[in-house]
Amino acid sequence: MTAIEKIQIRIKELYESKTKIHITITLSHPRIYLDNAPAVITGVYPHVFRVEILNCENKNSHTLQYSDLLTSSVKIEEM
């Protein structure tokens with residue numbers, strides 16, 4: 001089992017349990033910077049997953065790649 005497959009399984013578990021997560025995102029394109037923001041995973045797909053940030057007035061959603069977790073561009077505290 002590859003590292004990406006392990007990440008996909010863990011993300012799917014968090015999605016199915018509807019667990020509130022804390023996420024740090026540091027991406028340059030598109031420019032996104034969030035530090036330990038509360039969020040919930042709203043969708044899990046073969047190559048990407050979607051998160052909805054909960055601390056914003058206009059609930060932002062972001063689509064992220066599983067590989068972003070490997071490169072440390074995205075960190076989920078609950079993983």
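**Strand, helix and core contacts in the predicted model**

In the model, which is a predicted one, S61 lies in strand β4, a strand that comprises residues 61-65. With a relative accessible area of 35%, S61 is partly exposed, because that class lies between the 20% limit for buried and the 50% limit for exposed residues. When residues up to four places away in sequence are not counted, S61 touches R50, V51 and E52. The C-alpha atoms of S61 and F49 are 10 Å apart in space, and the two residues are 12 apart in sequence.

V51, one of the residues touched by S61, also belongs to the nonpolar interior. The largest nonpolar core has 20 residues, and those with the most contacts inside it are I11, I23, I25, F49, V51, L64 and I76. Two or more residues of this core come from each of α1 (3-16), β1 (20-28), β2 (31-44), β3 (48-53) and β5 (74-76). Among these elements, β2 gives the most, with 5 residues. In soluble globular proteins, nonpolar side chains tend to be buried together. The surroundings of I76 illustrate how the core is connected: leaving out residues up to four places away in sequence, I76 touches I11, L14, I21, H22, I23, F49 and L69.

Two of the residues touched by I76, namely I11 and L14, are also buried residues of helix α1. The geometry of this helix was examined first through its length. At 1.5 Å a residue, the 14 residues of α1 should span 20 Å, and the end C-alpha atoms are 20 Å apart, in agreement with that expectation. Within α1, the residues I7, I11 and L14 are buried. The three cover an arc of only 60° around the axis and therefore lie on the same side of α1. An α-helix has 3.6 residues a turn, so residues three or four places apart point the same way. On the other side of α1, K6 and E16 are exposed. The cover over the buried residues of the helix includes β1, β2, β3, α2 (67-70) and β5.

The segment that follows α1 was considered next. K18 is found in the loop between α1 and β1, and its phi is near 55°, a positive value in a residue other than glycine. K18 is exposed, with a relative accessible area of 64%, which is over the 50% limit for that class. K18 also lies over the face of Y15, at 5.4 Å from the ring centre. As for pairs between aromatic rings, the count comes to 1.

Strand β2 was then examined at two positions, V40 and P38. V40 is placed in β2; its C-alpha atom is 5.0 Å from that of K20, although V40 and K20 are 20 residues apart in sequence. Leaving aside neighbours within four places in sequence, V40 is in contact with T19, I21, R50, V51, E52 and L54. P38 also has its place in strand β2. P38 is buried, with a relative accessible area of 18%, because residues under 20% fall in that class. With neighbours within four places in sequence again left aside, P38 is in contact with K20, I21, H22, E52, I53, L54 and N55. By contrast with this set of contacts, P38 and I4 are 23 Å apart in space, C-alpha to C-alpha, and 34 residues apart in sequence.

Further local backbone features occur in loops. P30 lies in the loop between β1 and β2, and the peptide bond from H29 to P30 is cis, with omega near 0°. S72 is found in the loop between α2 and β5; phi of S72 is near 65°, a positive value in a residue other than glycine. At 44% relative accessibility, S72 counts as partly exposed.

Helix α2 contains S67. This residue counts as partly exposed, at 29% relative accessibility. The C-alpha atoms of S67 and D35 are separated by 19 Å, and the two residues are 32 apart along the chain.

Conventions:
Residues are numbered from 1 along each chain as its sequence is written. This is a predicted model: local features need pLDDT of at least 70, side-chain atom pairs count only at pLDDT 80 or more; totals for chains, interfaces and linings use all residues. Side-chain values use heavy atoms; hydrogens and water are left out. A nonpolar core is a set of buried Ala, Val, Leu, Ile, Met, Phe, Trp, Tyr and Cys residues joined through side-chain atoms within 4.5 Å. Buried means under 20% relative accessible area, exposed over 50%, partly exposed in between (1.4 Å probe, protein chains only). Helices (H or I, at least four residues) and strands (E, at least two) are DSSP runs, numbered from the N terminus. Contact means heavy atoms within 4.5 Å. The expected span of a helix is 1.5 Å times one less than its number of residues. The arc is that of the directions from the helix axis to the C-beta atoms. Rings of Phe, Tyr and Trp (its six-membered ring) pair if their centres lie within 6.5 Å; planes under 30 degrees apart count as stacked, over 60 as edge-to-face and the rest as tilted. A charge sits over a ring if NZ of Lys or CZ of Arg is within 6 Å of the ring centre and within 35 degrees of the ring normal.
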